[in-house]
Amino acid sequence: MKRNNLIKGFLYLGIASFSIGCTNLDEEILDGVPNATTAGGTVNTSATLQSAYEGLRDFNGQGGVYAMDEMSTDAMVGPTRGGDWDDNGAWRQIHTHTWAPDHPEVRNAWNHLLSNAYKCNLIIENGGTAAEVAQARFLRAWYYYNVIDLFGQAPYRPAGSALTDDPKVWTRSEATEFFIKELEAIVGALPARTANDASIANKDAAHFLLAKFYLNKAVFTAADPAGPYTFAAADMTKVVQNVDAISNTLASNYWLNFSPNNNTSSEVIFSSKNNKGGDGGNMQSKWRMGNHYNQTPDGWNGFATVADYYSTFNAADNRAHHAVSGYKFTVDAAGKGIGFLEGQMYKDGVVSSANALKDRNNNPMDFTRALTLITSGKTLETAGVRAIKYIPDADNLGQPDNDLVLMRYADALLMKAEAIARGGSGSVGDIMTRLATRAGVAAAPATLDGIYAERGRELWWEGWRRNDAIRFGKFLAARGLKPYTSDKKYVLYPIPAEALFNSNISQNAGY
């Protein structure tokens, strides 16, 4: 027994993934961490807040929450290419819904989300200024939104409890209700969005996150996480109201949202800030995780999209095929180097036989839609359509200036259209037309099927596909490279094995 208590203590102090807490759902969350945890000193709330913001960079990379949100769907796959990208089958397990409680990316996501929420609690209860506390409460709600979405259960610690005590656990419904109330309580205390810098918690971001909570409330409070879901008209109207309260506007150019200077886009509601050549997350992964080693930018030759998903895009859709002038990036036969890359690739931005690229085995670098989970033969390195969502920062490919977009106004507009289609009060107006016109294609119908398809095209590889697929009842369905219906347990990820030392938490059903 003593050994188990010691193990729990090391887990709570080391990864801090369970030290998140509150008194109850009607009172302020308090962690109850003694000052001894800061070596006898006071908490530097300003520095801790900065650290809580830096925690958003965990979303920059290709693993963790991002892989769990995208690779578990029809949008992304991580095939094994010979000796590359096998990682004991970790990526294939996510795509094929065969993960287990010991999966490394599941564990990493759990630890990152809850340890960052813990930092927010330190600010809230250790004398932060009013502005710091408001920002910390917003960031905590963001981290918890992802915990609720991915894992269902959410650990918390009552005030005054020792770090070695087992944290208590919210049900999914309890956590959802708490954070809706929390966001509604703080939205007025947050500043307006700062022009050219969406990296600071702001009113628009709070309204966006409230809209997400209300849109998914039927999922988060369902008796069975796999559904069926009953979307209350009142909740859907709340989505509409919160979207209408957002002050952002659509950018005239879709790709401004993903350029190195995307901080200037009026469409970005909330972002994780990166600085060229300096502070930043693993933003380079946004082009390197799929690019071949011999491309420009050079890559890690990993992830690809699934043919069925790629086929939902019109060939004229600017969101899928984009040319960037002035850069000598690798391009396809149409001279497009951003978006989805298919077919023969050419170097230096020039389509010519002299510029045709080859892979490391001297085979043509011809990216094909045909793809298997374990590639082989002449297409070992080239199977799969690749994708670049962020325009590479040519001035510093390794430490780019691109900010990671966490919330975007186009998403908010599509949430509004969906909420109205589900019974909310309001008018869709020209939402679908505005998005389609910018993309250069015909507008999708404002039906649930049309909105789901448009969300897939507008928000591809932005981290929302799993959330959308579950809400629309499509996540478990058979699809390319997963030709079977998944067990319903996979709508939630398992609680990581290490977390089960907590006697108050139980493994999610089916694991």
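Okay, let's start with the lining of the largest pocket: nine of its residues are nonpolar, six polar and five charged. Here Ala, Val, Leu, Ile, Met, Phe, Trp, Tyr, Cys and Pro count as nonpolar, Asp, Glu, Lys and Arg as charged, and the others, Gly among them, as polar.

Before I go on, a word on the model. It's a predicted one, where local features need pLDDT of at least 70 and side-chain atom pairs count only at pLDDT 80 or more, while totals for chains, interfaces and linings use all residues. Numbering runs from 1 along each chain as its sequence is written, and side-chain values use heavy atoms, with hydrogens and water left out.

Back to that pocket. It holds about 300 Å³ of space. There are 20 lining residues, and A223, P225, L492, N508 and A509 are the closest to the centre. Helices α7 (172-186) and α8 (203-220) each give at least two residues to the lining. Helices here are DSSP runs of H or I with at least four residues, strands are runs of E with at least two, and both are numbered from the N terminus.

How do we tell a pocket from a cavity? On a 1 Å grid over the protein atoms alone, a cavity is a set of points where a 1.4 Å probe fits but cannot get out, and a pocket is an open set with protein on both sides within 12 Å along at least five of seven lines; lining residues have an atom within 4 Å of a point. Points are joined across faces, edges and corners, and the volume is the space filled by probe spheres set on them.

So, cavities. How many of 30 Å³ or more does a search of the whole structure find? Two. The largest cavity has about 220 Å³ of space. Of its 18 lining residues, F59, Y66, L406, E462 and G463 sit closest to the centre. α3 (64-70), α6 (130-151) and β11 (404-408) each supply at least two lining residues, with α6 giving the largest share, four. By class, this lining has 11 nonpolar, three polar and four charged residues.

The second largest cavity comes to about 30 Å³. Its lining includes E70, Y309, W460, W461 and W464, and α14 (448-458) and α15 (465-471) each provide at least two residues. The class split is five nonpolar, one polar and four charged.

Next up, α12. This helix covers residues 409-421, 13 in number, and reaches 18 Å from first C-alpha to last, close to the 18 Å expected; the expected span is 1.5 Å times one less than the number of residues. Why call α12 largely enclosed by the rest of the structure? Because 12 of its 13 residues are buried, where buried means under 20% relative accessible area, exposed over 50% and partly exposed in between, with a 1.4 Å probe and protein chains only. Among the buried ones are Y409, D411, K416 and E418. After α12 comes G423, with a positive phi near 110°.

One loop residue to look at: N291, between α10 (285-288) and α11 (307-310). N291 is buried, at a relative accessible area of 0%. Leaving out residues up to four places away in sequence, N291 touches P297, D298, G299, W300, N301, R386 and I388, a contact being heavy atoms within 4.5 Å.

Last, the overall picture: the protein has 15 helices and 11 strands, and 59% of its 511 residues are buried. The C-alpha trace spans about 70 × 55 × 45 Å along its principal axes.
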